Amino acid sequence: MSIWKVMALRMGELYVEKSSLTYQTDLGENLWIPMWATAVSNGEMNILIDTGIHELEWVKKNIGPARQQQDETIIEAMKKGLGWSPEDVDIVINTHLHYDHCGNNKLFKNAKFILQKKEWKAAKNPIPCQELIYLDELYNSDAVNELSWQFVDGDAEIASGVSVFLTPGHSEGHQSVLVKTREGTLCISGDCANLLENINDNIPAGILTSTKEIYESMKQVRCRAAFILPGHEYSIEKYQTSNFPLIKK
């Protein structure tokens, strides 16, 4: 089995009420949170998990306050942190298709795209409260060649040492990623756990399709991984490659 190296790539920050991350708690508390993409490589294969936002001004206009440093676009982050260009990416795994996780899919012309079947269906017909955060132009046939998609149903091995599993609740077809590293099994959770406290204190995300499902999804993360890289955790450092947060069992 391959041992993979991981790097956290910051895609900018959002200014949000914390209750949007922690269900029914932290009302009125506002904070800046990062948006993470993650690069994974074993020296032979390059995998990118999520692709950030497509346009800062669109986010400011349609979502809320946001900011992005020069090296927090996907192209600049990969170049600075890894020396990669979009052409170097073999596989893109979208944890889900909300705007901040698939915004730059269109750049990766050589890549195969991995997505849960349930998420594709959800993105094409989102529930009303999530219509704004699914943006069809980011993943339609103009953005990603239809033949580049590989739809999976639940657990799937993507490469030796990298696998995905269904973690619904934040979105109907959300998936998280398990990566075998030298330190142990790391879960790149997407928004199954926005923050470390979601997983460690058993607090669901604030944006949900199913409270019941996300409790079970977080339970699965605890069972399957030793460490976690949550989708918006602010204690992670830009370009971090090791010492990711330990999951409290």
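This talk goes through a predicted model, taking its sheet, its cores, one helix, one histidine and its cysteines in turn.

I begin with the open sheet. Seven strands make it up, in the order S4-S1-S2-S3-S5-S6-S7, and their pairing is mixed. The edges are strand S4, residues 66–67, and strand S7, residues 149–152, each of which pairs on one side only. At the S4 edge, S1 and S4 run antiparallel and are joined by 2 bridges. Within that pairing, glutamate 13 has arginine 67 of S4 as its bridge partner.

Next, the nonpolar cores. As general background, nonpolar side chains in soluble globular proteins tend to be buried together. In this model the largest nonpolar core holds 41 residues, and Leu9, Leu48 and Phe108 are the ones that touch the most other members. Two or more residues of this core come from each of strand S1 (5–17), strand S2 (30–41), helix H1 (56–62), helix H2 (74–82), strand S6 (112–116) and helix H3 (117–124). A second core, separate from it, has 24 residues, including Val40, Ile114, Ile158 and Phe244.

Leucine 48 deserves a closer look. If residues up to four places away in sequence are set aside, leucine 48 touches Leu9, Ala37, Thr38, Ala39, Ile74, Met78, Val89, Ile91, Val92, Ile93 and Phe108.

Two of those contacts, Ile74 and Met78, bring us to helix H2. Which residues of H2 are buried? They are Ile74, Ala77 and Met78. Viewed down the axis of H2, these buried residues fall within an arc of 95 degrees, so they line one face of the helix. The general background is that an α-helix has 3.6 residues a turn, so residues three or four places apart point the same way. The buried residues of H2 are covered by elements that include S1, S2 and strand S3, residues 46–49. On the face turned away from the buried side, H2 carries the exposed residues Lys79 and Lys80. After H2 comes glycine 83, with a positive phi near 75 degrees.

I turn now to the strands beyond the open sheet. Strand S8, residues 156–159, runs antiparallel to S9, and 3 bridges join the two. Glutamate 157 is paired there with serine 163 of S9. S8 and S9 form a hairpin with 2 residues between the strands, and in this hairpin glycine 161 takes a positive phi near 100 degrees.

A further hairpin is formed by S10 and S11, also with 2 residues between them. Strand S10, residues 175–181, pairs with S11 in the antiparallel sense over 5 bridges. Here valine 177 has isoleucine 188 of S11 as its bridge partner. S11 also pairs with strand S12, residues 227–230; these two run parallel and are joined by 4 bridges. In that pairing, cysteine 187 stands opposite isoleucine 228 of S12. How many of the 7 residues of S11 are buried? The count is 6 of the 7 in S11, residues 184–190, so this strand is largely enclosed by the rest of the structure.

The loop between strand S9 (162–166) and S10 contains histidine 170. Is histidine 170 buried or exposed? Its relative accessibility is 3%, so histidine 170 counts as buried. Its side chain takes part in a polar contact with the side chain of histidine 98, at 3.2 Å. The histidine 170 side chain also reaches the backbone oxygen of isoleucine 207, at 2.8 Å. Apart from neighbours within four places in sequence, the residues in contact with histidine 170 are His96, His98, Gln130, Asp191, Ala205, Ile207, Leu208, Thr209 and Ile214.

I close with the cysteines. A disulfide is, in general, a covalent bond between the sulfur atoms of two cysteines. How many disulfides does the model contain? The count comes to 0. Why does cysteine 192 not form a bond with cysteine 187? Cysteine 187 holds the closest cysteine sulfur to that of cysteine 192, but the separation is 6.8 Å, and a disulfide requires sulfur atoms within 2.5 Å. Cysteine 192 is buried, with a relative accessible area of 1%. For cysteine 102, the closest cysteine sulfur is that of cysteine 129, and at 17 Å this is too far for a bond. Cysteine 102 also counts as buried, because its relative accessibility is 0%.

Key
Residues are numbered from 1 along each chain as its sequence is written. This is a predicted model: local features need pLDDT of at least 70, side-chain atom pairs count only at pLDDT 80 or more; totals for chains, interfaces and linings use all residues. Side-chain values use heavy atoms; hydrogens and water are left out. Buried means under 20% relative accessible area, exposed over 50%, partly exposed in between (1.4 Å probe, protein chains only). Two strands pair if DSSP finds at least two bridges between them. A nonpolar core is a set of buried Ala, Val, Leu, Ile, Met, Phe, Trp, Tyr and Cys residues joined through side-chain atoms within 4.5 Å. Contact means heavy atoms within 4.5 Å. The arc is that of the directions from the helix axis to the C-beta atoms. A polar contact is a pair of N or O atoms within 3.5 Å; within protein, one must be able to donate a hydrogen and the other to accept it, and residues adjacent in sequence count only if both atoms are side-chain atoms.
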